[in-house]
Amino acid sequence: QEFAEQALSLAQQTSDHTVFLIAHCLLATLSTTRGRFLAAREHFDEGFRLYDPQRHPVLALIYGDDPGVICRSLGGFNLWFLGYPDQALQHAQAGLALAHALALPYNLTFALDIVTWTHFYRGEPQAAKTCLASLLPLVHEQGFEFFAAESALLQGWVMTEQGREDEG
């Protein structure tokens, strides 16, 4: 939190749009994980407004995360918690589209994971299963263990929803 606030202060001092973008992305993510969904929404919206798809994808090569994918995808997840399930899915799918355009494995995995969880929260096992069909090969190919664990949870839920409780 302190680092993110320092980044925002630095951005205000220098008027550097890239630092503003990173600061808002950090503050949005932190706010979401702390349950401060209204504050997170403001930061996600501002981060995505500042995101330049021509200039900023290089940040993913430096830091691993593309701020546009994070702001759109996780911003969608945040909208679920605010009670906007349709907007949540739209934002998550927009994040996935951006991740496909960037073609960077981690960002694509992250965006697919968020879309899958969004379908989970919306109670849409068939849509989640479709996402998992794309997510699982990528997770295993890239060795993303965290996403492998999350995918296993989601697979179990899909199986249970299909009446395969023991297997799920």
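How many cavities of 30 Å³ or more does the count come to? The count comes to one such cavity, and the account below, which concerns a predicted model, sets that cavity beside the largest pocket and the helix pairs around them.

**Helix packing**

Three helix pairs are described here, and the table gives the crossing angle and the axis separation for each pair.

| Helix pair | Crossing angle | Axis separation |
|---|---|---|
| α1 (residues 2-14) and α2 (residues 17-33) | roughly 150° | within 8 Å |
| α3 and α5 | about 150° | 9 Å |
| α2 and α5 | roughly 25° | within 10 Å |

With angles over 145 degrees counting as roughly antiparallel, helices α1 and α2 are therefore roughly antiparallel to each other, and their crossing is left-handed. On the α1 side the contact is made by Phe3, Ala4, Glu5, Ala7, Leu8, Leu10, Ala11 and Gln12, while α2 contributes Val19, Phe20, Ala23, His24, Leu26, Leu27 and Leu30. Sorted by class, this contact between α1 and α2 has 12 nonpolar residues, two polar residues and one charged residue.

Helices α3 and α5 are, by their angle, therefore also roughly antiparallel to each other, and they cross in a left-handed sense. Their contact involves Phe37, Ala40, Arg41, Phe44, Gly47 and Phe48 of α3, which are met by Gly68, Ile70, Cys71, Arg72, Leu74, Gly75, Asn78, Leu79 and Phe81 of α5. By class, the residues of the contact of α3 with α5 divide into nine nonpolar, four polar and two charged.

For the pair α2 and α5 the relevant cut-off is an angle under 35 degrees, and these two helices are therefore roughly parallel to each other, with a crossing that is left-handed. From α2, the residues Leu21, Cys25, Thr29 and Thr32 meet Pro67, Ile70, Cys71, Leu74 and Asn78 of α5. The contact of α2 with α5 has six nonpolar and three polar residues, and no charged residues.

**The largest cavity**

The largest cavity holds about 50 Å³ of space, and its lining consists of Arg41, Phe44, Asp45, Phe48, Cys71, Arg72, Gly75, Leu79 and His91. The elements giving two or more residues to this lining are α3 (37-50) and α5 (67-81). Several of the lining residues recur in the packing of these helices: Arg41, Phe44 and Phe48 of α3, together with Cys71, Arg72, Gly75 and Leu79 of α5, line the cavity and also belong to the contact of α3 with α5. In terms of class, the lining of the largest cavity has four nonpolar, two polar and three charged residues.

**The largest pocket**

About 280 Å³ of space lies in the largest pocket. Of the 12 residues that line this pocket, Ile22, Cys25, Leu26, Asp65 and Ile70 lie nearest its centre. Helices α2, α4 (58-63) and α5 are the elements that give two or more residues to the lining of the largest pocket, and the largest share, five residues, comes from α2. Among the residues nearest the centre, Cys25 and Ile70 also take part in the contact of α2 with α5, whereas Leu26 is one of the α2 residues in the contact with α1. The lining of the largest pocket divides by class into 10 nonpolar residues, one polar residue and one charged residue.

Terms used: Residues are numbered from 1 along each chain as its sequence is written. This is a predicted model: local features need pLDDT of at least 70, side-chain atom pairs count only at pLDDT 80 or more; totals for chains, interfaces and linings use all residues. Side-chain values use heavy atoms; hydrogens and water are left out. Axes are lines fitted to C-alpha atoms, for helices over the stretch in contact, and angles run from 0 to 180 degrees between N-to-C directions. Helices (H or I, at least four residues) and strands (E, at least two) are DSSP runs, numbered from the N terminus. Angles under 35 degrees count as roughly parallel, over 145 as roughly antiparallel, 65 to 115 as roughly perpendicular and the rest as oblique. A crossing is left-handed if the near helix is turned anticlockwise from the far one by less than a right angle, and right-handed if clockwise. Contact means heavy atoms within 4.5 Å. Ala, Val, Leu, Ile, Met, Phe, Trp, Tyr, Cys and Pro count as nonpolar, Asp, Glu, Lys and Arg as charged, and the others, Gly among them, as polar. On a 1 Å grid over the protein atoms alone, a cavity is a set of points where a 1.4 Å probe fits but cannot get out, and a pocket is an open set with protein on both sides within 12 Å along at least five of seven lines; lining residues have an atom within 4 Å of a point. Grid points are joined across faces, edges and corners, and a volume is the space filled by probe spheres set on the points.
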